[in-house]
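Me: Please pick one part of this structure and look at it closely. Then build outward from there, so that I can follow what surrounds it.

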Amino acid sequence: MCTLPVVNIKNLRYKNILSIDRLSISSGVVTCIIGESGSGKSTLLKMIDNMISPEYGTIEVLGKSIDAWNPIELRRRIVMMSQTPVMFPGDVRENLLIGLKFSDMPPVSDSRLKELLDMVRLHKSLDDDSDSLSGGEAQRVSLARILLINPPILLLDEPSSALDEETTAFVLQKVVDHVKASKSTLIMVTHSSAVVREFAEQVIEIENGHVIKEGGTVER
């Protein structure tokens, strides 16, 4: 297992939400960020994605300061799925392909898109309108869109929030298998102890904006 750091954080401060002296997230492993609601988990994920800038401190991604990255190049290396997935006007096909378009990547065949829908256990037609999707279905389309881009770093914010336990286990196993096969890094915020037990190789626990646990592999 590769344990080189993919994210390094030093002396990070953001309002009264985060205060992190040091944090290192390993490359090639599944990292789960846990903690109570309002502890700063989602804010940390947004900072790694450069959606929010710290008031003080440094964040390095893939060995380079996040501020030194060209924003377009950074977006090709880090892709985040938020708690409320974004759906664009149009059908399922267009919503899957738009991620490739934003990343300046060529489109793929319908057969490839259907493979991804199967991977996230979504039994929908590519022609179905995005407005007809439930919250859980939209979440899975968004996840399939990220997998299609296949970035080196995937950030997932509560990926199981709109899914039942069985679907969560199936979908996340497929995601983890994909990440391992492509030698990518998966970092996810989760409230699910079952997800942590099953998938986490590194656990970061945040309490009131402070990292109180930065553990290695989880015993199963």
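Reply: Strand E6 is covered on both faces: Ile78 and Met80 on one side, and Val79 and Met81 on the other, are all buried. Buried stands for a relative accessible area under 20%, exposed for over 50%, and partly exposed for what lies in between, with a 1.4 Å probe and protein chains only. Strands (E, at least two residues) and helices (H or I, at least four) are DSSP runs, numbered from the N terminus. Please keep in mind that this is a predicted model, where local features need pLDDT of at least 70 and side-chain atom pairs count only at pLDDT 80 or more, while totals for chains, interfaces and linings use all residues. Residues are numbered from 1 along each chain as its sequence is written, and side-chain values use heavy atoms, with hydrogens and water left out.

E6 is joined to E7 by 4 bridges, and the two strands run parallel. In this pairing (which takes at least two DSSP bridges between two strands), Met80 has Leu155 of E7 opposite it.

Now the sheet around them. It is an open one of 6 strands in the order E6-E7-E8-E3-E9-E10, with mixed pairing. E6 (78–81) and E10 (210–215) are the edge strands with a single partner each, so each has one side without a neighbour in the sheet. Direction ignored, neighbouring strands are turned by 15° against each other on average. Towards the other edge, E9 (residues 202–207) and E10 run antiparallel and are joined by 5 bridges; Glu205 stands opposite Lys213 in E10. Helix H1 packs on this sheet, touching E3 (30–34), E6, E7 (153–157), E8 (185–189) and E9. Its direction makes about 155° with that of E7. Such angles run from 0 to 180 degrees between N-to-C directions, with axes fitted to C-alpha atoms, for helices over the stretch in contact.

Helix H5 also meets our strand: H5 lies across E6 and E7, at about 175° to E6. Contact here means heavy atoms within 4.5 Å. In the loop between H5 and E7 you will find Pro152, which counts as partly exposed because its relative accessibility is 34%. Pro152 is 74 residues from Ile78 in sequence, yet their C-alpha atoms are 6.5 Å apart. Not counting residues up to four places away in sequence, Pro152 touches Arg76, Arg77, Ser184 and Thr185.

H5 has helix partners too. With H3 (residues 92–102), H5 packs at about 40°, the axes being 8 Å apart, and this crossing is right-handed. Handedness is judged from how the near helix is turned from the far one by less than a right angle: clockwise is right-handed, anticlockwise left-handed. Val92, Asn95, Leu96, Ile98, Gly99 and Leu100 of H3 meet Val141, Ala144, Arg145, Leu148 and Ile149 of H5.

With H4 (residues 110–119), the packing angle is about 125° and the axes are 9 Å apart. H4 and H5 are therefore oblique to each other; the class holds whatever is not roughly parallel (under 35 degrees), roughly antiparallel (over 145) or roughly perpendicular (65 to 115). H4 passes H5 in a right-handed crossing. On the H4 side the contact involves Arg112, Leu113, Leu116 and Met119, and on the H5 side Ala144, Leu147 and Leu148.

Next comes the nonpolar interior. A nonpolar core is a set of buried Ala, Val, Leu, Ile, Met, Phe, Trp, Tyr and Cys residues joined through side-chain atoms within 4.5 Å. The largest has 37 residues, and Leu96, Leu186 and Met188 have the most contacts inside it. H5 (residues 135–149) gives this core its largest share, 7 residues. Leaving aside neighbours within four places in sequence, Leu96 is in contact with Leu113, Leu117, Leu126, Val141, Ala144, Arg145 and Leu148. A second, separate core has 28 residues, including Val6, Leu45, Leu74 and Val189.

Finally, there is another open sheet, with 4 strands in the order E2-E1-E4-E5 and antiparallel pairing. Its edge strands are E2 (18–26) and E5 (64–65), each pairing on one side only. H1 (residues 41–48) packs on this sheet too, touching E1 (5–14), E2 and E4, and its direction makes about 60° with that of E2. Between E4 (residues 56–61) and E5 there are 2 bridges, and Val61 stands opposite Lys64 in E5.
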